[in-house]
Amino acid sequence: MERIYNFSAGPAVLPEEVLQQARDEMLDWHGSGMSVMEMSHRGKEFMSIAAKAEADLRELAGIPQNYKVLFLSGGASAQFAMVPMNLLRGKKSANYINTGQWSKKAIQEAKKYCTVNVAASSEDANFTYVPPQETWNLDPDAAYLHYTPNETIGGVEFNWVPDLLNGKTDMPLVADISSTFMSRPLDVSRFGLIYAGAQKNVGPAGLCIVIVRDDLLGHTIAGTPTMFDYKIHADNDSMYNTPPTYPMYICGLVLEWLKKRGGLKAMEETNITKANLLYELLDATDFYHCPVAKPDRSRMNVPFTLKNAALDDEFLKQARTRGLIQLKGHRSVGGMRASIYNAMPLEGVKVLVEFMKEFASHHA
Ligand SMILES: *Cc1c(COP(=O)(O)O)cnc(C)c1O
């Protein structure tokens with residue numbers, strides 16, 4: 001058996017050790033005589049798996065006691081509606097920062113429930129930068145501010161957290177942190193709510209993790225479906241209905257793996273090394289080009305184009321023969337994209353960079 005280097009944006013590569021452990025425990029989890037997939041979500045075995053995953057997440061991310069951790073289904077996309085339904089709290093508007101395709105989707109959905117004030121946008125430059133906070137036009141009466149710390153498609157990442165608690169406002173900060181979650185240290189106390197689809201950095205598809213400050217619970221708008229009410233999930237420890245049990249178990253294994261690797265600070269260091277390798281190559285040649293402004297380049301998703309787009313297919317074909325797959329860019333951006341989440345080994349990025357150098361020298 002040979003594993004390939006998978007640069008998919010999501011569902012994405014998982015740590016090999018995690019997959020091996022899941023394999024070993026597939027038929028008989030810890031002497032229970034059954035697979036995690038077959039367990040009652042209310043049985044003591046699965047309850048212990050869920051409790052361990054939450055405890056590890058709290059420890060790794062330093063989540064304060066007044067925040068709830070929810071394990072939900074419906075993907076990050078369901079959050080685009082759940083956020084306004086739960087957080088408007090009688091207000092009529094919400095602030096959104098528009099930095100790419102995922103921000104746009106969140107904005108479109110929020111418009112069904114409130115007036116959206118797009119406080120800043122980088123659409124004027126095809127979403128290749130983060131608008132500096134001095135240029136934002138926040139509505140001070142809005143219920144919250146929503147932004148996307150890492151735009152998975154455009155490869156644009158905030159290297160800073162918006163400063164809303166600076167005495168001026170108590171407006172909660174809300175973040176769709178799907179594709180950068182657990183890739184770097186995070187100060188949860190700066191946020192009212194953060195959410196992340198698991199399939200980018202922490203597990204399989206089908207699970208979305210929500211971390212929410214408890215004073216924000218219990219204020220849904222009229223007509224909110226029971227399943228879209230954070231308080232219902234919080235009051236029932238994410239077991240109001242059957243949660244995505246197997247993805248939660250795998251996520252738990254990924255969190256254990258993260259702890260063994262030294263936690264978020266250590267992860268961040270490796271991620272910086274990996275990203276620098278790629279960006280240094282992109283900047284050293286004019287054969288490749290990265291459209292994103294330097295300070296705002298993502299450590300997780302690295303988009304780039306070839307000077308001659310006619311070579312795109314050949315590039316992808318040859319990459320595949322080296323065991324490098326899923327490098328095609330998103331249809332809305334074109335070119336290439338290498339997603340290098342936590343589980344992508346440094347070695348994988350080195351192999352990619354070597355291949356890219358070689359390809360450039362053969363086609364210059
Ligand atoms: C992938 C992604 C989503 C959508 O996640 P689903 O689980 O498919 O709903 C939303 N936001 C960001 C930033 C993403 O990367």
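This text walks through a predicted model, from its ligand site to a sheet and two backbone details.

Start at the ligand. It sits in the largest pocket. The shell around the ligand holds 13 residues. The closest are Ser77, Thr152, Asp176, Gln199 and Lys200. A residue joins this shell if one of its heavy atoms lies within 4 Å of the ligand. By class, 8 of the shell residues are polar, 3 are nonpolar and 2 are charged.

Which helix gives the most to that shell? Helix α3 does, with 4 residues. This helix spans residues 75–87.

Now look at individual contacts. Three of them involve an oxygen atom of the ligand. Serine 77 uses its side chain: an N or O atom there is 2.6 Å from a ligand oxygen. Alanine 76 uses its backbone instead, with an N or O atom 3.2 Å from an oxygen of the ligand. Both residue numbers fall within the range of α3, residues 75–87. Threonine 152 also takes part. A polar atom of the threonine 152 side chain lies 2.4 Å from a ligand oxygen. A polar contact here is a pair of N or O atoms within 3.5 Å, and the alanine 76 pair, at 3.2 Å, is one such case.

How much of the ligand does the protein cover? On its own, the ligand has 380 Å² of accessible area, and the protein covers 86% of it.

Next, turn to a sheet further along the chain. It is open and built from 3 strands, in the order β11-β12-β14. The pairing is antiparallel. The edge strands are β11, at 288–289, and β14, at 336–339. Each of these edge strands pairs on one side only. Strand β12 covers residues 301–306. It pairs with β14 over 4 bridges, in the antiparallel sense. To find this pairing in the structure, look for valine 302, which stands opposite alanine 338 in β14.

Two backbone details remain, each in a loop. Take proline 11 to begin with. The peptide bond leading to it from glycine 10 is cis, with omega near -10°. Proline 11 lies in the loop between β1 (5–6) and α1 (16–24).

The other detail is at arginine 89. Its phi is near 45°. That is a positive value in a residue other than glycine. Where does arginine 89 lie? It is found in the loop between α3 and β3, the latter at 93–98. This brings the tour back to α3, the helix that gives the most to the ligand shell.

Definitions and conventions:
Residues are numbered from 1 along each chain as its sequence is written. This is a predicted model: local features need pLDDT of at least 70, side-chain atom pairs count only at pLDDT 80 or more; totals for chains, interfaces and linings use all residues. Side-chain values use heavy atoms; hydrogens and water are left out. A polar contact is a pair of N or O atoms within 3.5 Å; within protein, one must be able to donate a hydrogen and the other to accept it, and residues adjacent in sequence count only if both atoms are side-chain atoms. Accessible areas come from the Shrake-Rupley method with a 1.4 Å probe; for residues, only the protein chains shown count as cover. On a 1 Å grid over the protein atoms alone, a cavity is a set of points where a 1.4 Å probe fits but cannot get out, and a pocket is an open set with protein on both sides within 12 Å along at least five of seven lines; lining residues have an atom within 4 Å of a point. A molecule sits in a cavity or pocket if more than half of its atoms lie within 2 Å of its grid points. Ala, Val, Leu, Ile, Met, Phe, Trp, Tyr, Cys and Pro count as nonpolar, Asp, Glu, Lys and Arg as charged, and the others, Gly among them, as polar. Two strands pair if DSSP finds at least two bridges between them.
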